[in-house]
Amino acid sequence: VLFRESGEGTIEARLPIADFPALAERNGQEITLGVRPEDIGIIQAAKGAEPENSFPVLVDFIETAGAETTFHLQTGAHSIVARRLASAESEPAGRRVRCQFDLNRIQFFDSGTGQRVVER
């Protein structure tokens with residue numbers, strides 16, 4: 001199953017149909033991907049060796065509050081937020097990085113009704 005962000009976005013995720021069998025009956029239908037900020041990871045990848053299900057983003061700005069760092073990211077079509085425990089290493093604003101969803105924690109919703117279609 002291929003999930004592709006609408007508009008000019010850069011998010012693309014290939015999902016094993018065996019892990020998401022309910023998506024097979026929704027082939028060609030518009031669905032909404034639900035993911036929590038703590039389930040979006042910023043990853044290190046060598047150019048040309050990008051891991052599957054990763055996508056490029058631009059770091060818009062960063063907020064550090066206590067033990068957490070919040071990354072405000074731009075995909076080209078949308079703004080998304082990633083959150084992780086604060087650490088010494090940080091991606092500077094204005095830098096392009098790659099992100100990856102935790103595929104074990106994503107959810108899917110019917111775009112028209114808002115009803116959950118698939119949950120991991």
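This briefing walks through the main pocket, the salt bridges and a handful of individual residues. Keep in mind that the structure is a predicted model. Its largest pocket holds about 630 Å³ of space, and a search of the whole structure turns up five salt bridges. One glutamate, Glu-5, is buried yet has no salt bridge, and it gets its own section below.

**The largest pocket**

- Start with the space itself: the largest pocket comes to about 630 Å³, and 26 residues line it.
- If you want to find its middle, look for Phe-3, Arg-4, Ile-31, Thr-32 and Leu-33, which are the lining residues nearest the centre.
- Three elements give two or more residues each to that lining: strand S1 (2-4), strand S3 (31-34) and strand S7 (79-85).
- As for chemistry, the lining splits into 15 nonpolar residues, seven polar ones and four charged ones.

**Arg-4 and Glu-12**

- Arg-4, one of the residues nearest the pocket's centre, also forms a salt bridge with Glu-12, at 2.9 Å from N to O.
- Glu-12 has 30% relative accessibility, so it counts as partly exposed.

**Asp-110 and Arg-26**

- A second salt bridge brings together the side chains of Asp-110 and Arg-26, with 3.2 Å from N to O.
- Asp-110 sits in strand S9 (residues 107-110) while Arg-26 sits in the loop between strand S2 (12-14) and S3, so this pair ties together parts that are 84 residues apart in sequence.
- Arg-26 is partly exposed, because its relative accessible area is 22% and buried means under 20%.

**Glu-38, Arg-83 and their network**

- Glu-38 and Arg-83 meet in a salt bridge too, here at 3.8 Å from N to O.
- This is another link between distant parts of the chain: Glu-38 is in the loop between S3 and strand S4 (40-43), Arg-83 is in strand S7, and the two are 45 residues apart.
- Both partners count as partly exposed, Glu-38 at 43% relative accessibility and Arg-83 at 28%.
- The story doesn't end with the pair, as salt bridges with shared partners join Glu-38, Glu-68 and Arg-83 into one network.
- Strand S7, where Arg-83 lies, is also one of the elements that give two or more residues to the pocket lining.

**Glu-5, buried without a salt bridge**

- You'll find Glu-5 in the loop between S1 and S2.
- Glu-5 is buried, but it makes no salt bridge, and the nearest side chain of opposite charge is that of Arg-4, 9.3 Å away.
- Glu-5 does have polar company: its side chain makes a polar contact of 2.4 Å with the side chain of His-78.
- A polar atom of the Glu-5 side chain also lies 3.0 Å from the backbone nitrogen of Thr-10.

**Ala-13 and its spatial neighbours**

- Ala-13 belongs to strand S2 and is buried, with a relative accessible area of 3%.
- Gln-100 is 87 residues from Ala-13 in sequence, yet their C-alpha atoms are 8.7 Å apart in space.
- Phe-55 is 42 residues from Ala-13 along the chain, with 8.2 Å between the two C-alpha atoms.
- Gln-100 itself lies in strand S8 (residues 96-101), and at 25% relative accessibility it counts as partly exposed.

**Gln-107 and Gly-114**

- Gln-107 is part of strand S9, the strand that also holds Asp-110.
- Gln-107 has 16% relative accessibility and so counts as buried.
- The side chains of Gln-107 and Arg-116 are joined by a polar contact of 2.6 Å.
- Gly-114 comes in the loop between S9 and strand S10 (116-119), and it is partly exposed, with a relative accessible area of 45%.
- Gly-114 and Arg-98 are 16 residues apart along the chain, and 28 Å separates their C-alpha atoms.

Methods
Residues are numbered from 1 along each chain as its sequence is written. This is a predicted model: local features need pLDDT of at least 70, side-chain atom pairs count only at pLDDT 80 or more; totals for chains, interfaces and linings use all residues. Side-chain values use heavy atoms; hydrogens and water are left out. On a 1 Å grid over the protein atoms alone, a cavity is a set of points where a 1.4 Å probe fits but cannot get out, and a pocket is an open set with protein on both sides within 12 Å along at least five of seven lines; lining residues have an atom within 4 Å of a point. Grid points are joined across faces, edges and corners, and a volume is the space filled by probe spheres set on the points. Helices (H or I, at least four residues) and strands (E, at least two) are DSSP runs, numbered from the N terminus. Ala, Val, Leu, Ile, Met, Phe, Trp, Tyr, Cys and Pro count as nonpolar, Asp, Glu, Lys and Arg as charged, and the others, Gly among them, as polar. A salt bridge is a side-chain nitrogen of Lys or Arg within 4 Å of a carboxyl oxygen of Asp or Glu. Buried means under 20% relative accessible area, exposed over 50%, partly exposed in between (1.4 Å probe, protein chains only). Lys and Arg count as positive and Asp and Glu as negative; His and the chain ends are not counted. A polar contact is a pair of N or O atoms within 3.5 Å; within protein, one must be able to donate a hydrogen and the other to accept it, and residues adjacent in sequence count only if both atoms are side-chain atoms.
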